[in-house]
Amino acid sequence: MKKIVVPVFLVFLIFACGEQPNKQPKKLSASKIYTLYCQQCHGNKGNLLLNGASDFTKSTLTLEERIDVITNGRKTMLPYKNQLTASQIKAVAEYTMNL
Ligand code: HEC
């Protein structure tokens with residue numbers, strides 16, 4: 001009897017862990033993040049230039065450099081390391097590469 005109880009308990013544990021609550025911020029797509037946090041200065045095509053924001057369509061920065069600017073900020077652009085996770089920053093940086 002005991003031999004059955006343990007695996008059943010383990011299966012229950014796996015199911016219980018698999019059902020994680022919806023963590024909204026992690027589910028945001030790159031374009032959603034961009035609309036929420038970046039568009040007000042950079043515009044929906046990346047060339048609004050509000051508050052002196054850089055034009056992504058002319059930017060020569062690499063992905064790594066963009067990640068750095070977004071993470072740590074630069075001049076009037078605030079750092080996003082407290083609002084976004086590292087993977088969200090990477091996703092939105094990739095998004096700016098394609099604007
Ligand atoms: C308050 C306005 C503002 C917001 C909001 C903002 N930025 Fe910026 N961003 C700027 C400004 C201003 C610069 C230019 C900084 C400088 O001159 O060094 C800049 C520069 C950048 C650069 C560097 C581009 C280059 O070629 O030099 C990247 C990448 C960037 N922003 C991405 C983002 C992303 C992604 C977001 C959203 C998470 C965002 N920004 C939100 C104002 C903003």
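1. Let me start with long-range contacts. In this predicted model, residues 24 or more positions apart account for 41% of the contacts in the protein with a separation of 6 or more. Contact here means heavy atoms within 4.5 Å.

2. A word on how to read the numbers. Residues are numbered from 1 along each chain as its sequence is written, and side-chain values use heavy atoms, with hydrogens and water left out. Because the model is predicted, local features need pLDDT of at least 70 and side-chain atom pairs count only at pLDDT 80 or more, while totals for chains, interfaces and linings use all residues.

3. Next, confidence. pLDDT is the predictor's confidence in each residue, from 0 to 100. The mean for the protein is 82, and 74% of its residues reach 70 or more. Please keep an eye on helix α1 (residues 2–18), where confidence is lowest, at a mean of 55. Helix α4 (residues 63–72) has the highest, at 98.

4. The overall make-up is easy to state: five helices and zero strands, in the pattern α-α-α-α-α along the sequence. Helices (H or I, at least four residues) and strands (E, at least two) are DSSP runs, numbered from the N terminus.

5. On burial and surface, 22% of the 99 residues count as buried. Buried means under 20% relative accessible area, exposed means over 50%, and partly exposed lies in between (1.4 Å probe, protein chains only). The accessible surface comes to about 7,600 Å², and 62% of that belongs to carbon and sulfur atoms. These areas come from the Shrake-Rupley method with a 1.4 Å probe, and for residues only the protein chains shown count as cover.

6. Now to a helix pair you may like to look at on screen. Helix α3 (residues 30–42) and helix α5 (residues 86–97) pack at an angle of about 90 degrees, with their axes 9 Å apart. That makes α3 roughly perpendicular to α5, a term used for 65 to 115 degrees; under 35 counts as roughly parallel, over 145 as roughly antiparallel and the rest as oblique. The axes are lines fitted to C-alpha atoms, for helices over the stretch in contact, and angles run from 0 to 180 degrees between N-to-C directions.

7. Which residues make the contact of α3 and α5? From α3 come A30, S31, I33, Y34 and C38, and from α5 come Q88, A91, V92, Y95 and T96. By class, the contact has seven nonpolar, three polar and no charged residues. Ala, Val, Leu, Ile, Met, Phe, Trp, Tyr, Cys and Pro count as nonpolar, Asp, Glu, Lys and Arg as charged, and the others, Gly among them, as polar.

8. V92, in helix α5, deserves its own point. V92 is buried, with a relative accessible area of 1%. Not counting residues up to four places away in sequence, V92 touches A30, I33, Y34, C38 and I70. V92 and I70 are 22 residues apart in sequence and 8.9 Å apart in space, C-alpha to C-alpha.

9. Back to α4. Its buried residues are L63, R66, V69, I70 and T71, and their cover includes α5. D68, also found in helix α4, counts as partly exposed at 44% relative accessibility. The C-alpha atoms of D68 and A93 are separated by 9.4 Å, with their positions 25 residues apart along the chain.

10. Two backbone angles are worth a look. Just after α4, G73 takes a positive phi of about 75 degrees. K75, in the loop between α4 and α5, has a positive phi of about 50 degrees although it is not a glycine. K75 is exposed, with a relative accessible area of 86%.

11. Finally, C41 in helix α3. Is C41 buried or partly exposed? With a relative accessible area of 23%, C41 is partly exposed. Leaving aside neighbours within four places in sequence, C41 is in contact with L48, L49, L50, N51 and A53. C41 and A53 are 12 residues apart in sequence, and their C-alpha atoms are 6.1 Å apart in space.
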